[in-house]
Amino acid sequence: MSWDTEATRQKLLAAAVEEFADRGFAGARIREISNKSGCNPERIYFYFGNKEGLFEAALVHELSTALDAVTVVGQGIESIVAFAEKYFDFSSKNSKMARLAHWEGLEHGSAAGAKERSVRAESKVQEIRNALGISNLEDAQNLLFVVVSLCNSLLATPNVHQVILGKKSVAGHKKIVADAIRSLAQDLVENESEGQMGMADNAQNQELSND
(Lines give C-alpha, C1' and ligand atoms only; values in the text may rest on other atoms or scores of the structure.)
Protein backbone atom coordinates (compact mmCIF):
# COMPACT_ATOMS: atom_id res chain seq x y z
CA MET A 1 0.00 0.00 0.00
CA SER A 2 1.43 3.39 -1.00
CA TRP A 3 2.05 5.95 1.73
CA ASP A 4 0.11 9.20 1.39
CA THR A 5 2.99 11.50 2.27
CA GLU A 6 1.14 14.81 1.87
CA ALA A 7 -1.79 13.65 4.01
CA THR A 8 0.63 12.54 6.72
CA ARG A 9 2.48 15.84 6.56
CA GLN A 10 -0.77 17.82 6.88
CA LYS A 11 -1.88 15.73 9.87
CA LEU A 12 1.43 16.43 11.59
CA LEU A 13 1.22 20.15 10.82
CA ALA A 14 -2.33 20.40 12.17
CA ALA A 15 -1.35 18.63 15.38
CA ALA A 16 1.80 20.74 15.69
CA VAL A 17 -0.14 23.99 15.29
CA GLU A 18 -2.46 22.98 18.11
CA GLU A 19 0.31 21.82 20.43
CA PHE A 20 2.67 24.77 19.82
CA ALA A 21 -0.16 27.30 20.07
CA ASP A 22 -1.25 25.89 23.43
CA ARG A 23 2.16 25.24 24.99
CA GLY A 24 4.77 27.17 23.04
CA PHE A 25 7.95 25.71 21.63
CA ALA A 26 9.54 24.75 24.95
CA GLY A 27 6.39 23.24 26.40
CA ALA A 28 5.30 21.30 23.33
CA ARG A 29 6.04 17.57 23.23
CA ILE A 30 6.83 15.53 20.13
CA ARG A 31 5.05 12.53 21.64
CA GLU A 32 1.88 14.59 22.11
CA ILE A 33 2.01 15.81 18.51
CA SER A 34 2.45 12.22 17.38
CA ASN A 35 -0.55 11.11 19.43
CA LYS A 36 -2.78 13.93 18.18
CA SER A 37 -1.86 13.30 14.57
CA GLY A 38 -2.07 9.53 14.79
CA CYS A 39 1.34 9.32 13.11
CA ASN A 40 4.54 7.65 14.19
CA PRO A 41 7.04 10.07 15.82
CA GLU A 42 9.65 9.03 13.27
CA ARG A 43 7.50 10.68 10.58
CA ILE A 44 8.10 14.05 12.27
CA TYR A 45 11.86 13.72 11.92
CA PHE A 46 11.50 12.38 8.39
CA TYR A 47 9.44 15.34 7.15
CA PHE A 48 10.69 18.19 9.33
CA GLY A 49 14.12 17.18 10.62
CA ASN A 50 13.59 18.06 14.26
CA LYS A 51 11.31 19.91 16.65
CA GLU A 52 12.65 23.28 15.50
CA GLY A 53 11.91 22.43 11.89
CA LEU A 54 8.38 21.37 12.79
CA PHE A 55 7.75 24.60 14.71
CA GLU A 56 9.00 26.67 11.78
CA ALA A 57 6.84 24.74 9.32
CA ALA A 58 3.75 25.13 11.52
CA LEU A 59 4.30 28.85 12.00
CA VAL A 60 5.05 29.59 8.35
CA HIS A 61 2.05 27.54 7.27
CA GLU A 62 -0.35 29.46 9.51
CA LEU A 63 0.96 32.97 8.86
CA SER A 64 1.43 32.43 5.13
CA THR A 65 -2.07 31.01 4.82
CA ALA A 66 -3.46 34.20 6.34
CA LEU A 67 -1.65 36.52 3.95
CA ASP A 68 -2.50 34.31 0.97
CA ALA A 69 -6.17 34.02 1.92
CA VAL A 70 -6.85 37.73 2.48
CA THR A 71 -6.30 40.07 -0.44
CA VAL A 72 -6.76 43.78 -1.04
CA VAL A 73 -9.64 44.24 -3.46
CA GLY A 74 -10.42 47.52 -5.20
CA GLN A 75 -9.01 51.00 -4.73
CA GLY A 76 -9.07 53.68 -2.10
CA ILE A 77 -9.13 53.88 1.68
CA GLU A 78 -12.17 51.65 2.15
CA SER A 79 -10.46 48.83 0.26
CA ILE A 80 -7.75 48.83 2.94
CA VAL A 81 -10.35 48.97 5.71
CA ALA A 82 -12.10 45.98 4.12
CA PHE A 83 -8.76 44.15 3.96
CA ALA A 84 -8.17 44.81 7.68
CA GLU A 85 -11.66 43.58 8.54
CA LYS A 86 -11.19 40.42 6.48
CA TYR A 87 -7.82 39.79 8.11
CA PHE A 88 -9.44 40.21 11.53
CA ASP A 89 -12.21 37.76 10.58
CA PHE A 90 -9.69 35.22 9.32
CA SER A 91 -7.55 35.60 12.44
CA SER A 92 -10.60 35.23 14.68
CA LYS A 93 -11.47 31.93 13.03
CA ASN A 94 -7.83 30.81 13.23
CA SER A 95 -6.85 32.14 16.64
CA LYS A 96 -3.97 29.68 17.02
CA MET A 97 -2.12 31.72 14.40
CA ALA A 98 -1.88 34.75 16.69
CA ARG A 99 -0.78 32.63 19.66
CA LEU A 100 1.94 30.99 17.56
CA ALA A 101 3.26 34.40 16.55
CA HIS A 102 3.39 35.51 20.18
CA TRP A 103 5.15 32.32 21.28
CA GLU A 104 7.69 32.88 18.54
CA GLY A 105 8.37 36.38 19.84
CA LEU A 106 8.79 35.13 23.40
CA GLU A 107 10.97 32.10 22.69
CA HIS A 108 12.87 32.77 19.46
CA GLY A 109 15.48 35.41 18.75
CA SER A 110 14.72 35.52 15.02
CA ALA A 111 11.73 35.00 12.77
CA ALA A 112 11.07 31.43 11.69
CA GLY A 113 10.97 31.05 7.93
CA ALA A 114 11.72 34.76 7.57
CA LYS A 115 12.51 34.63 3.85
CA GLU A 116 9.28 32.91 2.83
CA ARG A 117 7.17 35.11 5.09
CA SER A 118 8.88 38.26 3.80
CA VAL A 119 8.04 37.39 0.21
CA ARG A 120 4.36 37.15 1.06
CA ALA A 121 4.47 40.33 3.12
CA GLU A 122 6.12 42.22 0.26
CA SER A 123 3.35 41.12 -2.07
CA LYS A 124 0.72 42.40 0.38
CA VAL A 125 2.58 45.68 0.82
CA GLN A 126 2.47 46.19 -2.94
CA GLU A 127 -1.28 45.54 -2.95
CA ILE A 128 -1.66 48.27 -0.32
CA ARG A 129 0.46 50.74 -2.30
CA ASN A 130 -1.57 50.07 -5.44
CA ALA A 131 -4.90 50.42 -3.65
CA LEU A 132 -4.00 53.71 -1.98
CA GLY A 133 -1.89 55.08 -4.82
CA ILE A 134 1.05 55.81 -2.52
CA SER A 135 4.69 55.72 -3.52
CA ASN A 136 6.29 55.45 -0.09
CA LEU A 137 7.22 51.82 0.55
CA GLU A 138 7.79 52.28 4.28
CA ASP A 139 4.33 53.80 4.76
CA ALA A 140 2.69 50.74 3.21
CA GLN A 141 4.90 48.41 5.27
CA ASN A 142 3.93 50.23 8.46
CA LEU A 143 0.25 49.99 7.60
CA LEU A 144 0.44 46.23 7.05
CA PHE A 145 2.39 45.89 10.30
CA VAL A 146 -0.37 47.72 12.20
CA VAL A 147 -3.09 45.54 10.66
CA VAL A 148 -1.35 42.27 11.55
CA SER A 149 -0.12 43.39 14.98
CA LEU A 150 -3.42 44.88 16.08
CA CYS A 151 -5.43 41.82 15.02
CA ASN A 152 -2.96 39.42 16.65
CA SER A 153 -2.82 41.44 19.86
CA LEU A 154 -6.58 41.58 20.25
CA LEU A 155 -6.75 37.80 19.87
CA ALA A 156 -3.61 36.63 21.69
CA THR A 157 -3.59 39.02 24.68
CA PRO A 158 -7.26 39.38 25.64
CA ASN A 159 -6.53 40.39 29.23
CA VAL A 160 -4.61 43.48 28.13
CA HIS A 161 -7.36 44.97 26.02
CA GLN A 162 -10.00 43.93 28.56
CA VAL A 163 -8.24 46.03 31.22
CA ILE A 164 -7.97 49.03 28.91
CA LEU A 165 -11.16 48.78 26.87
CA GLY A 166 -13.44 46.75 29.10
CA LYS A 167 -15.31 43.77 27.78
CA LYS A 168 -16.15 44.14 24.11
CA SER A 169 -17.76 41.84 21.58
CA VAL A 170 -15.92 40.48 18.58
CA ALA A 171 -17.75 43.08 16.51
CA GLY A 172 -16.46 45.75 18.86
CA HIS A 173 -12.88 44.60 18.40
CA LYS A 174 -13.36 44.51 14.65
CA LYS A 175 -14.58 48.12 14.71
CA ILE A 176 -11.46 49.17 16.63
CA VAL A 177 -9.33 47.67 13.87
CA ALA A 178 -11.41 49.24 11.09
CA ASP A 179 -11.43 52.72 12.65
CA ALA A 180 -7.69 52.67 13.33
CA ILE A 181 -6.79 51.51 9.82
CA ARG A 182 -9.18 53.99 8.19
CA SER A 183 -7.51 56.85 10.07
CA LEU A 184 -3.99 55.70 9.19
CA ALA A 185 -4.84 55.10 5.53
CA GLN A 186 -6.42 58.55 5.30
CA ASP A 187 -3.23 60.11 6.67
CA LEU A 188 -1.11 58.24 4.14
CA VAL A 189 -3.27 59.36 1.22
CA GLU A 190 -3.21 62.97 2.41
CA ASN A 191 0.56 62.87 2.89
CA GLU A 192 0.98 61.48 -0.62
CA SER A 193 -1.19 64.24 -2.05
CA GLU A 194 0.70 66.95 -0.16
CA GLY A 195 4.01 65.47 -1.29
CA GLN A 196 2.96 65.50 -4.92
CA MET A 197 1.73 69.10 -4.62
CA GLY A 198 5.02 70.07 -3.03
CA MET A 199 6.97 68.48 -5.86
CA ALA A 200 4.81 70.27 -8.43
CA ASP A 201 5.37 73.62 -6.69
CA ASN A 202 9.10 73.03 -6.56
CA ALA A 203 9.19 72.19 -10.24
CA GLN A 204 7.19 75.29 -11.10
CA ASN A 205 9.46 77.49 -8.98
CA GLN A 206 12.48 75.96 -10.67
CA GLU A 207 11.07 76.79 -14.09
CA LEU A 208 10.40 80.38 -13.03
CA SER A 209 13.89 80.80 -11.68
CA ASN A 210 15.35 79.47 -14.93
CA ASP A 211 13.35 82.03 -16.86
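## Glu19 in helix H1

Glu19 lies in helix H1. The model described here is predicted. Glu19 has 0% relative accessibility, so this acidic residue counts as buried. Setting aside residues up to four places away in sequence, Glu19 touches Gly24, Gly27, Ala28, Arg29, Glu32, Ile33 and Lys36. One of these partners, Ile33, belongs to helix H2, which covers residues 30-37.

## Arg23, also in helix H1

Helix H1 runs over residues 5-27 and also holds Arg23. Is Arg23 buried, partly exposed or exposed? Its relative accessibility is 47%. Buried means under 20% and exposed means over 50%, with partly exposed in between. Arg23 therefore counts as partly exposed.

Which residues does Arg23 touch, beyond those up to four places away in sequence? They are Ala28 and Trp103. Trp103 is 80 residues from Arg23 along the chain, yet their C-alpha atoms are separated by 8.5 Å.

## Ile33 and Leu54

Ile33 sits in helix H2. Its relative accessible area is 0%, so Ile33 is buried. Leaving out residues up to four places away in sequence, Ile33 touches Leu12, Ala15, Ala16, Glu19, Phe20, Ile44 and Leu54. The contact with Glu19 appears in the lists of both residues. Ile33 and Tyr47 are 14 residues apart in sequence, and their C-alpha atoms are 14 Å apart in space.

Leu54 has its own set of partners. Apart from neighbours within four places in sequence, Leu54 is in contact with Leu12, Ala16, Phe20, Ile30, Ile33, Ile44 and Phe48. Leu12, Ala16, Phe20 and Ile44 are therefore among the residues that touch Ile33 and are also in contact with Leu54, with contact meaning heavy atoms within 4.5 Å.

## The nonpolar core

How many residues make up the largest nonpolar core? It has 52. Leu54 is among the residues with the most contacts inside this core. So is Phe20, which touches Ile33. The others named for the most contacts inside the core are Ile80, Tyr87, Ile128, Leu132 and Leu143.

## Asn152 in helix H8

Asn152 is found further along the chain, in helix H8, residues 137-156. Its relative accessibility is 7%, so Asn152 counts as buried. Not counting residues up to four places away in sequence, Asn152 touches Ser91, Met97, Ala98, Ala101, His102 and Thr157.

## The whole protein

Which secondary structure elements does the protein have? There are 10 helices and zero strands. Along the sequence the pattern reads α-α-α-α-α-α-α-α-α-α. Long-range contacts are well represented: among contacts between residues at least 6 apart in sequence, 69% join residues at least 24 apart.

The protein has a radius of gyration of 22 Å, whereas a compact globule of 211 residues would have one near 17 Å. Its C-alpha atoms fill a box of roughly 80 × 40 × 30 Å along the principal axes.

## Surface and charge

Of the 211 residues, 36% are buried. The protein exposes about 11,800 Å², and carbon and sulfur atoms supply 52% of that area.

How many charged side chains of each sign are there? The protein has 22 positive and 29 negative side chains. The centres of the two sets lie 12 Å apart.

Conventions: Residues numbered from 1 in each chain as written. Predicted model: local features only at pLDDT ≥ 70, side-chain atom pairs only at ≥ 80, totals over all residues. Heavy atoms only, no water. Core = buried A, V, L, I, M, F, W, Y, C linked by side-chain atoms within 4.5 Å. Buried < 20%, exposed > 50% of the residue type's maximum accessible area, 1.4 Å probe, protein only. Helix = DSSP H or I, 4+ residues; strand = E, 2+ residues; numbered from the N terminus. Rg over C-alpha atoms; globule rule 2.2 N^0.38 Å. Areas by Shrake-Rupley, 256 points an atom, 1.4 Å probe, with all protein chains shown as cover. Lys, Arg positive; Asp, Glu negative; His and termini not counted. Charge placed at Lys NZ, Arg CZ, Asp CG, Glu CD.
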